[in-house]
Each structure stands twice: as C-alpha cells, then as structure tokens.
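Me: I've got a structure open and I'm not sure how to read it. Can we walk through it together?

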Amino acid sequence: MANGFLLPSETADEFHFRLAVGSCDRCSLVQLVDEVPAEMRYHGEYRYHASGSDGHRRHFADVATQFLEDELTERDPFLVEIGCNDGVMLSTIARAGVRHLGVDPATTVTRVAREKGVSVRNTFFDETSAAEIHEENGPADVVFGANTISHIGGIGSVLRGVRTLLSPDGVFVFEEPYLGTIVEGLAFDQIYDEHVLYFSVTSVQVMAELFGFDLVDARRTPLHGGQIRYTLARRGTRAVRSRVADLLAEEHARGLSRPDTLASFGQAVGRIRDDLRTLLGDLRAEGRTVVGYGAPGKCATVTNYCGIGTDLVPFVCDSTPAKQGRLVPGSHLPVRPPEAFADPFPDHALLFAWNHAEEIMRRERDFTRAGGRWITYVPEVRVS
Ligand code: JHZ
C-alpha cells in the first residue's frame, strides 16, 4: 500500500495485494481490479500531508479564493470538502469566516486541519454521512474534493450523497489524476492502491449523466504532473463550457479509452522498468552512489514494480516527519530526513517526487553544483 510506511519491526506482517488495472468496456472508466478496503487506507495512521510543498499550498489557496469569489457569494454560504486532509484548502475558507465542513476519516492529518481553525467530521463521505450533514447544516453551495474522489471505489454512493447535499444550483468540483496525462506522459507511478479510479473526461461525463448531473466544466490543472478539475451541476442548471467538448474530442481523436492504446501504454511502461534497472545496475557496477529523493505514494509502485531494493538505492530522503524512520512499503527502502541527503551528497539522486522537480532542484542546488546528477524516469529514463 503506497502510504503503508512501516517500521522495520513490522515487515513480517506487511499487507500485500495485486496491483492491476482494467477498463470498463461500457463506460470506459479505468479502475483497479482489486480494491484495498478504504478503512485500511484512511485511518489514524495516514501519513500523507497535502500541505507538504509550496506548490500545493499556493495552488489550494488559489482554489479557495476562486470559490470565495465565484460561488460563495450568497448570504451564509456553505462548502463541504471531501477528504480535507490537513486543511490545505479549507484553512483559507475558514479564515474568510465562511461556513464549511471537511469530511475525512484520517485523524492524523485532520488534527492539523483543526489547529488551523477548520471544522472537520471524521468519517467517510457517502450517501449516509451526506444526508446527516444536510440534516445538520442545510444544503451545500459547493462540494469539493481534490485527490480524493478517485480514491473511492463506491463512487455511486458518493454521487447519491452529493445529490442529496447540494443546493439546487450548487456545484460539485473535483480535481484528480488524469488518465490522459498518465497514458501520454507514461506516469505509471500514479497507479497505486489509493487511486482506485482513473478518470477521463469521457468516463466522468458518463458517470455524471448516470446520476442526474451535467459535466459543465473540465479544465487542466498543473498538480501531480497534470490533472483535470471537473465541475458537475444538477442537470439543466448551468451552461456547459466549450472546454468540455474540446477535451472530449481530443480524447476521442487520441483513442484514449481504446484497449490498444492502453496495451501500448503497458508495453512502454515495461521498457521504462528495464531501462531504469539497467541504469541503476550499471551505476552500482561503476561504484557510484544513488539515493532516492522523496518518498511519495508513487515511490511504492516504482520500487516494487521495477524491483528496486536497498542493493540499488540504499535509502530515500523525505521531508515528512511521519514517514522518516520507516520503510517504503514492499521494497523496504529506509526513509531518512532530507539532511541525510547532503551527508555526504550521493553521485546520483533518483527523483521519486518528480512532480515537485522544480522546487526540489532549487532547494538542492548545492548537490548539482557539487557535480550531482538527477535521475528521472517519467516519461523516459533520463540523467540530467
Ligand atoms: P506527492 C499524494 O501522492 C497522495 P504522492 C494521494 N494519494 C494522492 O492522491 C496524490 O497525492 C495525488 C516529499 N517532498 O505530493 C513530501 C520532499 O521530501 O508527490 C512527500 O512525501 N521534499 C493523496 O504521495 C513527497 O515528497 C520536497 O522538497 O505521490 C511528495 O508527495 C518536496 C516538495 C516534497 O504525493
């Protein structure tokens, strides 16, 4: 499990599952074949903090400001966030004094949100909790989710819940990893237990219609290598932006949902694995040192799929205190604090947190100045 960072003493009991994706030939939604139960993924030990980078903090402050300006303008508006994590978005809404509720079962991270003045309900969002929230607070003008809606296998219950909770002219907005970016950019490390659903505009439109919504907007956003922010509204209540038709046409022209497109993606990913293993093996044979940089959820997929153990990469540095002193799930690379990176600098750094490349490379410019080289592997293995 991508966020199942474990203590060295816990390796004997580690949970494993088969990571495989399939696509539905009726609605074209790509999804995990086996889903790890949600209670095993989001709980009091959840270790991902969404505020962990400058880029994320800026992005979500902008999202909140946009909601305040465009959607939360009527008297006493109400916004609900599904999966509020450490309050990276809701803290701006809370500071503006706007009524809000974060719904998130992961008590570790929501404790931080509460410290920022965010109201939280520690539960999963589904049709039952949505009805309770509606009963207690009235309708929501906005229901938002970022990197959470794609985590929920029981998406039907979520959409039924949103239908109950949303005000007549409210919007359901969610931004999630985009199948188009994953397939085209060969970002295979986005595939892991937390990402149960891999949305495309095509599949989200089918999903919206099935549950009485229109997909009224779909726009690209930059996080995690390129995502899409979808806006759903009750059928017939809002004009549909032309961007939706443009993206649908683009997906159709690219054959994004076609089985042969997905099969070629699988083959290209296999080539990346071979190239990366060859490179790391050659560096080891030459006596060069390689350290991993960042222990994102993605790192579990890459290290396990490519067979990267401590023989090739002795440890990984990550700034998240909750991950330090633990092991990357499955591959068991030890996670150390960022200070270990410069003590001394390795010859090469394998950049697992490639979506934060600019921020990390700026922070670690002494490494490059000292002659250090970065290894990236999406969309191809490269040393720079
Ligand atoms: P990052 C998360 O994925 C988890 P992950 C989640 N499942 C999800 O859906 C996706 O986001 C979309 C570290 N770091 O943001 C911090 C440094 O060490 O790519 C993080 O552990 N130094 C909710 O886990 C990791 O890298 C730094 O300077 O793939 C980045 O994780 C910076 C900037 C980060 O998310």
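Me: Let's start with a proline. In which loop does Pro 344 lie?

Reply: First, keep in mind that this is a predicted model. To place a residue in a loop, look for the elements on either side. Pro 344 sits in the loop between strand E13 (335–336) and strand E14 (348–351).

Me: What is the peptide bond from Asp 343 to Pro 344 like, cis or trans?

Reply: Omega is the angle to check for that. Here the bond from Asp 343 to Pro 344 is cis, with omega near -10°. There's another case to look at: Val 378 and Pro 379 are joined by a cis peptide bond, with omega about 5°. You'll find Pro 379 in the loop between strand E15 (373–376) and strand E16 (382–383).

Me: And phi? What is the sign of phi at Asp 76, positive or negative?

Reply: Check the angle together with the residue type. Asp 76 isn't a glycine, yet its phi is positive, about 50°. This residue is in the loop between helix H2 (54–70) and strand E3 (78–82).

Me: Let's zoom out. Which domains does the assignment give for the protein chain?

Reply: Think of domains as stretches of the chain, then ask how they sit against each other. The assignment gives domain 1 (8–257) and domain 2 (275–383). Each domain puts 22 residues into the contact. Taken over C-alpha atoms, the domain centres are 29 Å apart.

Me: How much area do domain 1 and domain 2 bury between them?

Reply: About 1,800 Å², and 58% of that is on carbon and sulfur atoms. On the domain 1 side, Arg 47, Phe 188 and Asp 189 lose the most area to domain 2, together 34% of what that side buries.

Me: Now the ligand. Why does it lie between domain 1 and domain 2?

Reply: Look at who supplies the shell. Both domain 1 and domain 2 give residues to the shell around the ligand, so the ligand lies between them.

Me: Which residues come nearest to the ligand?

Reply: There are 26 residues around the ligand, and Gly 297, Lys 298, Asp 318, Lys 323 and Arg 363 come nearest. By type, the shell divides into eight nonpolar, 12 polar and six charged residues. Helix H11 (297–306) and helix H12 (357–363) each supply at least two shell residues. The largest share, three residues, comes from H12.

Me: How do I read the polar contacts? What is 2.8 Å from a nitrogen atom of the ligand?

Reply: Look for pairs of N or O atoms, and note whether the protein atom is in a side chain or the backbone. An N or O atom in the side chain of Glu 194 is 2.8 Å from a ligand nitrogen. Ser 319 uses a backbone N or O atom, 2.8 Å from a ligand oxygen. For Lys 323, a polar side-chain atom lies 2.7 Å from an oxygen atom of the ligand. Taken alone, the ligand exposes 740 Å², and the protein buries 96% of that.

Technical notes:
Residues numbered from 1 in each chain as written. Predicted model: local features only at pLDDT ≥ 70, side-chain atom pairs only at ≥ 80, totals over all residues. Heavy atoms only, no water. Near = heavy atom within 4 Å. Polar contact = N/O pair within 3.5 Å; in protein donor to acceptor, adjacent residues only side chain to side chain. Areas by Shrake-Rupley, 256 points an atom, 1.4 Å probe, with all protein chains shown as cover. Helix = DSSP H or I, 4+ residues; strand = E, 2+ residues; numbered from the N terminus. Nonpolar A, V, L, I, M, F, W, Y, C, P; charged D, E, K, R; others polar. Domains from an automatic or database assignment. Contact = heavy atoms within 4.5 Å. Buried area = accessible area lost by both parts, 1.4 Å probe.
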